[in-house]
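Here's a walk through one chain, going from a couple of backbone oddities to the metal site, the sheets and the empty space inside. Have the structure open as you read.

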Amino acid sequence: MTQSRGKEGSQVQVPPFNKFMGMELVRKEGGVCEVALELQPHHCNRRGVAHGGVVSTLLDTSLGGAVVSSIPKEWWCATISLNVQFISGGRGRLTSRGEVTRRGKSVAFARGVVLDESERLVASAEGSWHLWQNKPGVMAPPPRDHVVLRGSGERVAVGKIVAVGRNYAAHAEEMNAQVGEEPVLFEKPSTALAHGGDTLHLPRDRGAIHHEVELVALIGKRCRKASPEEAAAAIAGYAVGLDLTLRQMQSGFKKRGEPWFLAKGFDQSAPVSVVAPAAEVGDGSGLDISLAVNGEIRQQDNTSSMVRSAADLVAFISQLVTLEPGDLVMTGTPAGVGPVEPGDRLEATIEKVGSLNLRVAE
Ligand code: MG
């Protein structure tokens, strides 16, 4: 799209084909659009009047422009039908005016007329347009980097996802690792988010992918150098999460002393449920936590087995890294981690918090 200025000085979008057609988008706002064309010899037939193709294109542009101006910027539309009635031959400068007469969620109707320089009606048209909430096949779907609060339905944009390793002694043991004096921390990008009901399309060529069910804390208040009490007050709610891990890749990184980023941060590696408000859950301790794969329990424990509580972890992280509203903290997984396979159905549950159901693509 190229930029042009309308009569009223507002910036409007001009389709690129206007350049070679010589059309001028005169006005475009709120479901109304005017397009003008100074007729040149190549627009006219032997009798010196605009030929039908030029008039139809002019109408299609003004009606399409009217529809575009009536839909949100990220939406897209395409003509379904356009019926043009020719009334007389046009000369000189043609002006086409289109307006949206009705708009639903997926279809819009518009009508318009073309007048020549002596205000004679040259043609009229009616058409319909198919509307999409994104440009099909070209634009990616809207980003899904948000979580939803249970009750209010509020959508919260997610920023950082900070995750903790070895926060249940039994899991540290199964990984042949020790619980250290300070928590092991890493970060997942917000693009790793997935949601309940999603089908997971996971990497197939990087070795085993392990499930790790975890209690997830949603930060509701800016948190910097917080005490455990301040950290507890900054947690807005809790969700059920999975910290999916490319285990073999992670082992390679561990051996070579390299960061785990790719093994932990790949797309859809952080499915997170709807967030239960902290007022309904408490401080996140004393909750049964489990994960079933195809109906068989693989991980089962209680959040009281956590080495460090959610608030302690938030306080610790905030000494060096400011946590902001929308950040998530994944608080570590109990023992029983293992591989997920194509076609598996996963159900993660935490008492009072909720559950997270996912399917791994075949
Ligand atoms: Mg984990």
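Asn294 is partly exposed, with a relative accessible area of 45%; on this scale buried means under 20% relative accessible area, exposed over 50%, and partly exposed in between (1.4 Å probe, protein chains only). You'll find Asn294 in the loop between β21 (288-293) and β22. Its backbone is worth a look: phi of Asn294 is near 50°, a positive value in a residue other than glycine.

Asn176 is another case, with a positive phi of about 55° although it is not a glycine. This one sits in the loop between α3 (169-174) and β12 (184-188), and at 75% relative accessibility Asn176 counts as exposed.

A word on ground rules. This is a predicted model, where local features need pLDDT of at least 70, side-chain atom pairs count only at pLDDT 80 or more, and totals for chains, interfaces and linings use all residues. Residues are numbered from 1 along each chain as its sequence is written, and side-chain values use heavy atoms, with hydrogens and water left out. Helices (H or I, at least four residues) and strands (E, at least two) are DSSP runs, numbered from the N terminus.

Zooming out, the domain assignment (automatic or from a database) splits the chain into domain 1 (2-132) and domain 2 (146-360). Their C-alpha centres lie 53 Å apart.

Now for the metal. Which residues hold the magnesium ion? Glu212 (OE), Glu214 (OE) and Asp243 (OD) coordinate it, at 2.0 to 2.1 Å. Donors here are N, O and S atoms within 2.8 Å of the metal (3.2 Å for Na, K and Ca), and water is not among the atoms, so sites may look incomplete. Along the chain, the donors of the magnesium ion follow the spacing E-x1-E-x28-D. Glu212, in the loop between β15 (209-211) and β16, and Asp243, in the loop between β17 and β18 (245-246), are 31 residues apart and link distant parts of the chain. Glu212 and Asp243 are both buried.

Glu214 takes us into strand β16 (residues 213-219), where seven of the seven residues are buried, so the strand is largely enclosed by the rest of the structure. In a regular strand the side chains alternate between the two faces of the sheet. In β16 both faces are covered: Glu214, Val216 and Leu218 are buried on one side, and Val213, Leu215, Ala217 and Ile219 on the other.

β16 has pairing partners too, where pairing needs at least two DSSP bridges between two strands. It runs antiparallel to β17 (residues 235-242), with seven bridges joining them, and it pairs in the antiparallel sense with β23 (residues 328-330) over three bridges. Ala217 takes part in both contacts: its bridge partner in β17 is Tyr238, and it stands opposite Val329 in β23.

Elsewhere there's an open sheet of five strands, in the order β14-β26-β25-β21-β22, with mixed pairing. Its edge strands, each pairing on one side only, are β14 (199-200) and β22 (296-302). A further open sheet has three strands in the order β18-β15-β24, with antiparallel pairing; there the edge strands are β18 and β24 (338-339).

Here are four strand pairs, each with one facing residue pair.

| Strand pair | Bridges | Direction | Residue pair |
|---|---|---|---|
| β16 and β17 | seven | antiparallel | Ala217 and Tyr238 |
| β16 and β23 | three | antiparallel | Ala217 and Val329 |
| β14 and β26 (354-360) | two | parallel | Thr199 and Arg359 |
| β15 and β18 | two | antiparallel | Ile209 and Leu246 |

Finally, how many cavities of 30 Å³ or more does a search of the whole structure find? One. On a 1 Å grid over the protein atoms alone, a cavity is a set of points where a 1.4 Å probe fits but cannot get out, and lining residues have an atom within 4 Å of a point. The largest cavity holds about 120 Å³ of space, a volume being the space filled by probe spheres set on the points, which are joined across faces, edges and corners. Of its 16 lining residues, the closest to the centre are Gly165, Arg166, His171, Glu212 and Gln250. That list includes Glu212, one of the magnesium donors.

β11 (161-165) and α5 (247-256) each supply at least two lining residues, and α5 gives the largest share, three residues. By class, the lining has seven charged, five polar and four nonpolar residues, with Asp, Glu, Lys and Arg counted as charged, Ala, Val, Leu, Ile, Met, Phe, Trp, Tyr, Cys and Pro as nonpolar, and the others, Gly among them, as polar.

Note on methods:
On a 1 Å grid over the protein atoms alone, a cavity is a set of points where a 1.4 Å probe fits but cannot get out, and a pocket is an open set with protein on both sides within 12 Å along at least five of seven lines; lining residues have an atom within 4 Å of a point.
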